[in-house]
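Subject: Structure handover

Hello,

Here is the structure I promised to pass on. Please open it first, then read my notes below.

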Amino acid sequence: MPAPPPNRPAPPAPRPAAVDLSGEGVHERPDLSYGAYLGLDTLLDSQHPRSGEHDELLFIVIHQASELWMKLCLHELRAAREQVRRDELGPAFKMIARVARIQAQLIQSWEVLSTMTPADYSRIRPHLGQSSGFQSWQYRLLEFTLGNKNAGMIPVHRGDPAAHAALEQALAEPSLYDEALRLLHRRGFALPETVLERDWTLPYRADKGVEAAWLAVYQDTRRHWDLYELAEKLVDLEYRFQHWRFSHMKTVERIIGYKPGTGGTGGVSYLVKALDLSFFPELLSLRTAL
């Protein structure tokens, strides 16, 4: 085809034909619909703003979505703990890596919530009563599963018998890190008996013998590659958890400043203290010695 004469626009490109999906076998009345499978009627009817303010739906959805992601984190971490207990690290690595991806979603959620201004939140806050993220039993379960045990955090959940029982059970179980240390011992590393058999309801305390064992793994990674990979997966898990904590603290600081939290905590001051907590202390301290 010859080129169009100068100063004359080229003819428009033909518009693509509309895509016809009518023959794709889509069921108009399926036995199990998308909405029924996902329970969307219940899920989408679970947001009940109290203030009449535009931004309250944002506040509710962010926290509900976070609870769903935490539910999946718990599912993966419990399964990973069982795999470590069985010395089947391949599946555990996949599960822990998935939690890291979920944590990225949780961190991003604070970016969305931070679009709420102090003026927006001040109109919602009176309608929250004494409800607070501090009362999230799933968050507390996450901390217990990773090793930050604190029996003093359980009484606040007495009003919810199922949540209270789940927390009591998690408090009495070895954490993911406890199982990692037992695995080190089964692989021939000398660990103190006080680490291997202890009262699981008590917080874990860093131990020089444990640091020495992990240090040996890092000093001969070829020989202990899967243990080295497990250690790095745990470090990544803690790094992202701390990132989540930090983003939470900065979002609260941005929206409410230094007011006390609705649940009675110090607000930002309480969240700052949480940044000093470590789930796997020897995996960080060994880096100085390496």
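Start with helix α7. In this predicted model, Ala163, His164, Leu167, Ala170 and Leu171 of α7 are buried. Those residues cover an arc of only 130° around the axis, so they sit on the same side of α7. The spacing fits a general rule. An α-helix has 3.6 residues a turn, so residues three or four places apart point the same way. Now look at the face of α7 turned away from the buried side. Pro161, Ala162 and Gln169 are there, and they are exposed.

The length of α7 can be checked too. The helix covers residues 161–172, which is 12 residues. At 1.5 Å a residue, α7 should span 16 Å, and its end C-alpha atoms are 17 Å apart, so the two values agree.

Now step back to the whole chain. What is the count of helices and strands in the protein chain? There are 13 helices and zero strands. From the N terminus on, the order of elements is therefore written with α alone: α-α-α-α-α-α-α-α-α-α-α-α-α. Of the 290 residues in the protein chain, 40% are buried.

Next, helix packing. Helix α11 (residues 225–256) is a good place to look, and three of its partners are described here.

- α4 with α11: Helix α4 (residues 89–113) packs against α11 at an angle of about 15°. Their axes are 9 Å apart. The angle is under 35 degrees, so α4 and α11 are roughly parallel to each other. By class, their contact has 18 nonpolar, five polar and five charged residues. The crossing of α4 past α11 is left-handed.

- α10 with α11: Helix α10 (residues 208–219) packs against α11 at about 115°, with the axes 9 Å apart. That makes α10 roughly perpendicular to α11. This crossing is left-handed.

- α8 with α11: The axes of helix α8 (residues 176–186) and α11 come within 12 Å and cross at roughly 165°. That makes α8 roughly antiparallel to α11. The crossing of α8 and α11 is also left-handed.

Last, a few single residues.

Asp87 lies in the loop between α3 (56–85) and α4. What is the sign of phi at Asp87? Its phi is positive, about 60°, although Asp87 is not a glycine. Is Asp87 buried or partly exposed? With a relative accessible area of 34%, Asp87 is partly exposed. The cut-offs explain the label: buried means under 20%, and exposed means over 50%.

Glu82 is in helix α3. Its relative accessible area is 25%, so Glu82 counts as partly exposed. How far from the C-alpha atom of Glu82 is that of Ala92? The two C-alpha atoms are separated by 8.3 Å, and the residues are 10 apart along the chain.

Arg123 belongs to helix α5 (residues 118–124). At 40% relative accessibility, Arg123 is partly exposed. Asp55 is 68 residues away from Arg123 along the chain. In space, the C-alpha atoms of Arg123 and Asp55 are separated by 9.3 Å.

For a first look, I suggest this order: α7 with its buried residues, such as Leu167, then α4 against α11, then the loop with Asp87.

Best wishes

Terms used:
Residues numbered from 1 in each chain as written. Predicted model: local features only at pLDDT ≥ 70, side-chain atom pairs only at ≥ 80, totals over all residues. Heavy atoms only, no water. Axes fitted to C-alpha atoms, helices over the stretch in contact; angles between N-to-C directions. Helix = DSSP H or I, 4+ residues; strand = E, 2+ residues; numbered from the N terminus. Parallel < 35°, antiparallel > 145°, perpendicular 65-115°, else oblique. Left-handed = near helix turned anticlockwise from the far one by under 90°. Nonpolar A, V, L, I, M, F, W, Y, C, P; charged D, E, K, R; others polar. Expected span 1.5 Å × (residues − 1). Buried < 20%, exposed > 50% of the residue type's maximum accessible area, 1.4 Å probe, protein only. Arc of directions from axis to C-beta.
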